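User: I am new to this structure and would like the reasoning behind the terms used for it. Could you take me through the ligand site?

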Amino acid sequence: MAHKQLQDALAEAATHTRHGAVASYIPELAKQDPDRLGACVCLLDGTVLTAGDVDIPFTLQSISKIFTLILAICDRGTDYVFQRVGKEPTGDPFNSIVKLETIKPHKPLNPMINAGAIAVCDMIAGSSVEERLERIMNLLSRMTGMQDFRVNEEVYRSEKLTADRNRALAYFMKDSGVLTGDVEETLDLYFRHCAIEVTSREVAQLAVVLAADGKDLQTGVSIIPRDVARICKTFMVTCGMYNASGEFAIEAGIPAKSGVAGGIMATVPNRMGIGVYGPALDDKGNSIAGVRLLESLSEIWNLSIF
Ligand code: DON
């Protein structure tokens, strides 16, 4: 019954893809098929439900911001991290530069916008970009039980060649003392981890670990400290859907993080993880059909946490 409900909701949401458009400011992302839509639901008891294009790989993009935040907090502690990055929503687009200069101190308002995530990348421990990236992929492997995460080299290079805005954010933060490491290395780590490939099936597996307070579903062993998982889910509610987070909290009420490749990772505490892929985006940069699907599922299954 739940499987049929998921399939029906996906079929209805798919009619909305034509109202959106794939991201094109990273040229390689513009090659995605806007009509794709897939969703996977992982329940805490291990049940997996799928519908549509669940095995199409896409890049994490901003969904990665959750995993770098987890590592940075585990590496440096919350005091260190939140001295450099704030905890407040911005109401601005994800790549906005304006408040970095107008608000004092010049720290990014939260870790879910680009400036904040670049600052968080600067805090990931490791002796090289490769080692730091490996640590991020290791976390994904521990959360999903999958070993072979890879970076999509075309998307990585495409972003690196066109990332003038992110460079501006990073150099401004270096000048303000928010970034302490080598700026180009930090940006390189940021571009690479945004280009890690996943499927919506894997995103659902990542999401369900957060739903289980950071615990491995099978063994019950803690992968992410409970408190860190709680911080992530809170940011997902307040800032996870960019400057549409308030509306999404009202309409769906599910902690979620989206990325410009069209992925959404949604976490219903103590119930399920949901991974969605639909690359046609709305004007805020969220998957247009993905948002629609999550709003429908929330209504059908009573998923709102509020
Ligand atoms: O930095 C960028 O613009 C992309 N790599 C990620 C953007 C994204 O998914 C939305 N950001 N919060």
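User: Why is the ligand said to lie between domain 1 and domain 2?

Analyst: This is a predicted model. Domain 1 (14–58 + 200–216 + 224–300) and domain 2 (62–194) each contribute residues to the shell around the ligand, so the ligand lies between them.

User: How far apart are the C-alpha centres of domain 1 and domain 2, and how many residues does the contact take from each?

Analyst: The two C-alpha centres are 20 Å apart. Domain 1 gives 29 residues to the contact and domain 2 gives 33 residues, where contact means heavy atoms within 4.5 Å.

User: Which residues come nearest to the ligand?

Analyst: There are 14 residues around the ligand, and Tyr-25, Gln-61, Ser-62, Glu-159 and Tyr-190 come nearest. By class, the shell holds 7 nonpolar, 5 polar and 2 charged residues.

User: What makes the pair between Asn-166 and the ligand a polar contact?

Analyst: The cut-off is 3.5 Å between N or O atoms. A polar side-chain atom of Asn-166 is 2.8 Å from a ligand oxygen atom, so the pair counts as a polar contact. Val-260 qualifies through its backbone, with a polar atom 2.9 Å from an oxygen atom of the ligand. For Lys-65, a side-chain N or O atom lies 3.4 Å from a nitrogen atom of the ligand, which is also within 3.5 Å.

User: How much of the ligand's accessible area does the protein cover?

Analyst: On its own the ligand has 340 Å² of accessible area, and the protein covers 99% of that. The space the ligand takes is the second largest cavity.

Technical notes:
Residues are numbered from 1 along each chain as its sequence is written. This is a predicted model: local features need pLDDT of at least 70, side-chain atom pairs count only at pLDDT 80 or more; totals for chains, interfaces and linings use all residues. Side-chain values use heavy atoms; hydrogens and water are left out. A residue is near a molecule or strand if one of its heavy atoms lies within 4 Å of it. A polar contact is a pair of N or O atoms within 3.5 Å; within protein, one must be able to donate a hydrogen and the other to accept it, and residues adjacent in sequence count only if both atoms are side-chain atoms. Accessible areas come from the Shrake-Rupley method with a 1.4 Å probe; for residues, only the protein chains shown count as cover. On a 1 Å grid over the protein atoms alone, a cavity is a set of points where a 1.4 Å probe fits but cannot get out, and a pocket is an open set with protein on both sides within 12 Å along at least five of seven lines; lining residues have an atom within 4 Å of a point. A molecule sits in a cavity or pocket if more than half of its atoms lie within 2 Å of its grid points. Ala, Val, Leu, Ile, Met, Phe, Trp, Tyr, Cys and Pro count as nonpolar, Asp, Glu, Lys and Arg as charged, and the others, Gly among them, as polar. Domain bounds come from an automatic or database domain assignment.
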